[in-house]
Amino acid sequence: MDQALELARQAWANGEVPVGALVVRNDVLVGQGANRPIGLADPTGHAEIIALRQAAQTLGNYRLPGCRLYVTLEPCLMCSGAIFHARLDEVIFGASDPKTGAAGGAVNVYTLEGINHQTTVRGGVLAETSSALLKKFFADRRQRMD
């Protein structure tokens, strides 16, 4: 998660919401991403999507069984959909997202029985650090707007 936090800091340095993500298989990093929707002019430019795309390229398959995703912020619905399609084994996230989180924040799609693939989710890993980074980012943005 420390590596994901470093990616989140890089996103911030690029003017993006500080979210970082890593995909790991057998303790080997196979994909990573930092938030880039603004820089890419792409609403799908979330850290998780970028990390999943890189992992799929690295492994040569859009299915990523045996992989874990570490992300500093609870995944949204879009990212959760991609996580299901990739067949990830587990998602480990830092800060909860009560407004758009899809793993218990706003909704919890990971508990839906009709989903054809089940992914284990564990939240709260380095949550205080992840949350503090996001709070400082948004406080700084509000201050610049004043």
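**Rings, helices and cysteines**

Modeller: In this predicted model, Trp12 has a relative accessibility of 22%, so Trp12 counts as partly exposed.

Biologist: What makes Phe137 buried or exposed?

Modeller: The relative accessibility of Phe137 is 2%. Buried means under 20%, so Phe137 is buried.

Biologist: How many aromatic pairs are there, and what makes Trp12 and Phe137 an edge-to-face pair?

Modeller: There are three aromatic pairs in the structure. In the pair of Trp12 and Phe137, the centres are 5.5 Å apart and the planes stand at 90 degrees. Pairing requires centres within 6.5 Å, and planes over 60 degrees apart count as edge-to-face, so both conditions are met. Trp12 belongs to helix α1 and Phe137 to helix α5, so the pair ties together parts 125 residues apart in sequence.

Biologist: Why is the pair of Phe84 and Tyr110 called tilted?

Modeller: Its ring centres are 5.0 Å apart, with the planes at 50 degrees. Stacked means under 30 degrees and edge-to-face over 60, so this pair is tilted. Phe84 sits in helix α4 (residues 77-86) and Tyr110 in the loop between β4 and β5, so parts 26 residues apart in sequence are tied together. Phe84 and Tyr110 are both buried.

Biologist: Which residues do ring pairs link into a cluster?

Modeller: The cluster consists of Trp12, Phe137 and Phe138.

Biologist: How do you know whether helices α1 and α5 are roughly parallel or roughly antiparallel?

Modeller: Helix α1 (residues 2-13) packs against helix α5 (residues 127-145) at about 5 degrees, and their axes are 11 Å apart. Angles under 35 degrees count as roughly parallel, so that is the term for α1 and α5. On the α1 side the contact is made by Leu5, Ala8, Arg9 and Trp12; on the α5 side by Thr129, Ser130, Leu133, Lys136, Phe137 and Asp140. Sorted by class, this contact has five nonpolar, two polar and three charged residues.

Biologist: How many disulfides does the structure have, and how do you know that Cys67 is in no disulfide?

Modeller: A search of the whole structure finds zero. For Cys67, the nearest cysteine sulfur belongs to Cys79 and is 16 Å away. A disulfide needs sulfur atoms within 2.5 Å, so Cys67 is in none.

Biologist: What rules out a bond between Cys79 and Cys76?

Modeller: The sulfur of Cys76 is the closest cysteine sulfur to that of Cys79, at 3.8 Å. Set against the limit of 2.5 Å, that is too far for a bond.

Biologist: Why are Cys67 and Cys79 called buried?

Modeller: Cys67 has a relative accessible area of 0%. Cys79 has a relative accessibility of 0%. Buried means under 20%, so the term applies to Cys67 and to Cys79.

Definitions and conventions:
Residues numbered from 1 in each chain as written. Predicted model: local features only at pLDDT ≥ 70, side-chain atom pairs only at ≥ 80, totals over all residues. Heavy atoms only, no water. Axes fitted to C-alpha atoms, helices over the stretch in contact; angles between N-to-C directions. Helix = DSSP H or I, 4+ residues; strand = E, 2+ residues; numbered from the N terminus. Parallel < 35°, antiparallel > 145°, perpendicular 65-115°, else oblique. Contact = heavy atoms within 4.5 Å. Nonpolar A, V, L, I, M, F, W, Y, C, P; charged D, E, K, R; others polar. Buried < 20%, exposed > 50% of the residue type's maximum accessible area, 1.4 Å probe, protein only. Phe/Tyr/Trp six-rings, centres within 6.5 Å; stacked < 30°, edge-to-face > 60°.
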